[in-house]
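Here is a short guided tour for someone meeting this structure for the first time. Have a look at the chain below, then read on.

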Amino acid sequence: MSTQRTGSSAGTTRTCPHCRATILDSASVCPACRHHLRFEPGAAKRPPNTFTALQVDGTLQPPASGEAWEYTVVIAVHNARGEEVTRQVVGVGALQPAELRTFTVSVDVMTPKDAAVPVGTAAELRATPG
């Protein structure tokens, strides 16, 4: 899939017509609802120029006896100066005793069509001090 649309600049956003999420204008598939957004001839034969720069997995499970736990999933993005650029609550809920929830947060990076994708696994990229 191509990661660049003709005439759009990097970081330009639009609204997914299926789920109304704000997504990158260059996206061929919505990352929220996973619906295809446009047909691109030959896209299946071209590898996407993407990599997962960060992925964190975690699990919550309250003890089998006791009261329910409430949770809030918050994502915050900071710039190089440490200033908060955006903060979103992406989910809330409650866990009854012995219930289980697993959470995955990932950051996928789309590079320009002709750029090289960094070598290494997501774990190696995460370990790089930044």
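## Surface and overall layout

The accessible surface of the chain comes to about 9500 Å², and carbon and sulfur atoms account for 55% of that surface. Of the 130 residues of the chain, 15% count as buried.

This is a predicted model, and its chain has one helix and six strands. Read from the N terminus on, the elements follow the order β-β-β-β-β-β-α. If you take the contacts between residues at least 6 apart in sequence, 53% of them join residues at least 24 apart.

## How confident is the prediction?

The average pLDDT of the chain is 78, and 72% of the residues score at least 70. Among the elements, strand 4 has the highest mean pLDDT, 93, while helix 1 (residues 122-127) has the lowest, 48.

Please read two stretches with care. Over residues 1-6 pLDDT stays under 50, and the model has 25 contacts beyond four places in sequence for them. Over residues 125-130 pLDDT also stays under 50; for these residues the model has eight contacts beyond four places in sequence.

## Strands 4 and 5

Which way do strand 4 and strand 5 run relative to each other? Strand 4 (residues 69-78) and strand 5 (residues 84-95) run antiparallel, joined by 10 bridges. To find one such position in the picture, look for Val73, whose bridge partner in strand 5 is Gly91.

The hairpin of these strands has five residues between them. In this hairpin, Gly82 takes a positive phi near 85 degrees.

## An aromatic pair

The chain holds one aromatic pair. Its members are Tyr71 and Phe103, set edge-to-face with 5.3 Å centre to centre and 75 degrees between the planes. The pair links distant parts of the chain, as Tyr71 sits in strand 4 and Phe103 in strand 6 (residues 101-110), 32 residues apart.

How covered are the two residues? Tyr71 counts as buried because its relative accessible area is 16%, which is under the 20% cut-off. Phe103 has a relative accessible area of 24%, so Phe103 is partly exposed.

## The nonpolar core and its surroundings

Which residues make up the largest nonpolar core? There are five in all: Cys16, Ile23, Ala27, Cys30 and Leu37. In soluble globular proteins, nonpolar side chains tend to be buried together. Leaving out residues up to four places away in sequence, Ile23 touches Thr12, Thr13, Arg14, Cys16, Cys30, Pro31 and Leu37.

Thr13, one of the residues touched by Ile23, belongs to strand 1 (residues 13-15). Thr13 is partly exposed, with a relative accessible area of 47%. Apart from its neighbours within four places in sequence, Thr13 is in contact with Thr22, Ile23, Leu24 and Asp25. From Thr13 to Ala27 the C-alpha to C-alpha distance is 9.2 Å, and the two are 14 residues apart in sequence.

## Two loop residues with positive phi

Most residues other than glycine have a negative phi. Against that background, two loop positions are worth finding.

Arg20 is not a glycine, although its phi is positive, about 70 degrees. You will find Arg20 in the loop between strand 1 and strand 2 (22-24), where Arg20 counts as exposed at 58% relative accessibility.

Ala98 also has a positive phi, near 70 degrees, in a residue other than glycine. Ala98 lies in the loop between strand 5 and strand 6. With a relative accessible area of 42%, Ala98 is partly exposed.

Key: Residues are numbered from 1 along each chain as its sequence is written. This is a predicted model: local features need pLDDT of at least 70, side-chain atom pairs count only at pLDDT 80 or more; totals for chains, interfaces and linings use all residues. Side-chain values use heavy atoms; hydrogens and water are left out. Two strands pair if DSSP finds at least two bridges between them. Helices (H or I, at least four residues) and strands (E, at least two) are DSSP runs, numbered from the N terminus. A nonpolar core is a set of buried Ala, Val, Leu, Ile, Met, Phe, Trp, Tyr and Cys residues joined through side-chain atoms within 4.5 Å. Buried means under 20% relative accessible area, exposed over 50%, partly exposed in between (1.4 Å probe, protein chains only). Contact means heavy atoms within 4.5 Å. Rings of Phe, Tyr and Trp (its six-membered ring) pair if their centres lie within 6.5 Å; planes under 30 degrees apart count as stacked, over 60 as edge-to-face and the rest as tilted. Accessible areas come from the Shrake-Rupley method with a 1.4 Å probe; for residues, only the protein chains shown count as cover. pLDDT is the predictor's confidence in each residue, from 0 to 100.
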